[in-house]
Amino acid sequence: MRRIDALDALAKLTDRHPVVVTCAATSRELAAVKDSDNHLYLLDAMGLVGSVATGLALSLPPAAPKVVGIEGDGSLLMNPNVLATGGYLAPVNLLLVLLDNGVYGSTGALPTYSAKIDLERLAAAAGWTTRTADTVAGMTAAFAELLAVPGPGFLYARIEPGNAQGVAKLLIDPVSITDRFTRWLRETYPAAEVAAGPAGPA
């Protein structure tokens with residue numbers, strides 16, 4: 001499974017979901033297949049998808065569509081504590097998709113540790129419900145299963161190394177990306193509900 005094919009499928013599955021996306025080639029390729037107001041591209045913020053997605057999930061009503069984080073193996077290994085934090089805090093509406101190609105795809109394909117570190121088992125040990133996939137169809141089915149899980153879900157998707165060719169750089173100002181995403185979030189979830197957090201209004 002190529003990353004851009006996985007991202008094309010995820011873009012179709014997440015129209016109603018807040019989507020937090022890791023930096024570099026993953027953000028570029030997702031924006032190339034579909035750029036949307038519900039996408040928060042974390043440009044130059046490697047390792048923070050799990051942190052941002054967990055905090056966002058905790059701030060939204062439990063019945064809201066799950067917050068979907070799209071992360072890479074190199075980025076997750078930069079900040080693996082997000083697995084322990086997400087598993088401990090256990091927001092009911094969080095789904096982290098890990099696209100593992102075994103390399104730092106944006107910096108010359110140097111290998112990551114994922115060939116020897118089982119990231120799915122690491123997530124499971126931290127309290128996440130996990131699924132694995134190595135095809136688009138398998139990933140789509142696993143995604144649907146994890147949407148039904150009342151707690152943090154972790155979808156481990158094995159993808160091929162390599163970046164899609166001919167994809168333009170993502171040159172949107174990060175401030176504009178944040179403003180656009182925040183506006184979408186406020187329009188979709190009224191401020192009172194967002195501020196109330198997972199426990200709901202008093």
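By buried I mean a residue with under 20% relative accessible area, while exposed means over 50% and partly exposed lies in between. Please keep in mind throughout that what we are looking at is a predicted model.

With that cut-off in hand, let me start in the sheet, at strand S4, which covers residues 94–100. Seven of the seven residues in S4 are buried, and so the strand is largely enclosed by the rest of the structure. In a regular strand the side chains alternate between the two faces of the sheet. In S4 both faces turn out to be covered, with Leu 94, Leu 96, Leu 98 and Asp 100 buried on one side, and Leu 95, Val 97 and Leu 99 buried on the other.

What does S4 pair with? Strand S3, residues 67–72, pairs with S4 in the parallel sense over six bridges, and within that pairing Gly 69 stands opposite Leu 96 of S4. S4 also pairs with strand S8, residues 153–158, again in the parallel sense and over six bridges, and here the bridge partner of Leu 98 is Tyr 156 in S8.

Stepping back to the whole sheet, we have six strands in an open arrangement, in the order S2-S1-S3-S4-S8-S7, with parallel pairing. The edges are taken by strand S2, residues 39–41, and strand S7, residues 129–133; each of these has a single partner strand, so one side of each is left without a neighbour in the sheet. From one strand to the next, the twist averages 20°.

At the S2 edge, the partner is strand S1, residues 19–21, which runs parallel to S2 and is joined to it by three bridges; in one of the pairings there, Val 20 has Leu 40 of S2 as its bridge partner. Lying across S1 and S2 is helix H8, residues 174–188, which runs at about 155° to S2.

One residue of H8 that I would like to point out is Arg 180. Is Arg 180 buried or exposed? Its relative accessibility is 15%, and it therefore counts as buried. Leaving aside neighbours within four places in sequence, Arg 180 is in contact with Asp 35, Ser 36, Asp 37, His 39 and Tyr 41. Of those contacts, His 39 and Tyr 41 bring us back to S2, which spans residues 39–41.

Let me turn now to a pair of helices. Two packed helices are described by the angle between their axes and the distance between the axes. Helix H1, residues 3–13, packs against helix H2, residues 25–33, at an angle of about 55°, with the axes 9 Å apart, and the two are therefore oblique to each other. The crossing in which H1 passes H2 is right-handed. On the H1 side the contact is made by Arg 3, Ile 4, Leu 7, Asp 8 and Ala 11, and on the H2 side by Ala 25, Thr 26, Glu 29, Leu 30 and Val 33. Sorted by class, this contact has six nonpolar, one polar and three charged residues.

Thr 26, which sits in H2, deserves a further word. Thr 26 is buried, with a relative accessible area of 9%. Not counting residues up to four places away in sequence, Thr 26 touches Arg 3, Leu 7, Val 21 and Ile 70. Thr 26 and Gly 105 are 79 residues apart in sequence, and their C-alpha atoms are 9.0 Å apart in space.

Finally, a few places outside the helices deserve a look with the backbone in mind. Most residues other than glycine have a negative phi, and most peptide bonds are trans. Asp 44, although not a glycine, has a positive phi of about 55°. Asp 44 lies in the loop between S2 and helix H3, residues 49–59, and is exposed, with a relative accessible area of 78%. Ala 109 also has a positive phi, near 60°; it lies in the loop between strand S5, residues 103–104, and S6, and is partly exposed at a relative accessible area of 44%.

Pro 111 is in strand S6 itself, residues 110–111, and at 61% relative accessibility Pro 111 counts as exposed. Apart from residues up to four places away in sequence, Pro 111 touches Gly 102, Val 103 and Tyr 104. Pro 111 and Leu 147, by comparison, are 36 residues apart in sequence and 31 Å apart in space, C-alpha to C-alpha.

Technical notes:
Residues numbered from 1 in each chain as written. Predicted model: local features only at pLDDT ≥ 70, side-chain atom pairs only at ≥ 80, totals over all residues. Heavy atoms only, no water. Buried < 20%, exposed > 50% of the residue type's maximum accessible area, 1.4 Å probe, protein only. Helix = DSSP H or I, 4+ residues; strand = E, 2+ residues; numbered from the N terminus. Pairing = 2+ DSSP bridges. Contact = heavy atoms within 4.5 Å. Axes fitted to C-alpha atoms, helices over the stretch in contact; angles between N-to-C directions. Parallel < 35°, antiparallel > 145°, perpendicular 65-115°, else oblique. Left-handed = near helix turned anticlockwise from the far one by under 90°. Nonpolar A, V, L, I, M, F, W, Y, C, P; charged D, E, K, R; others polar.
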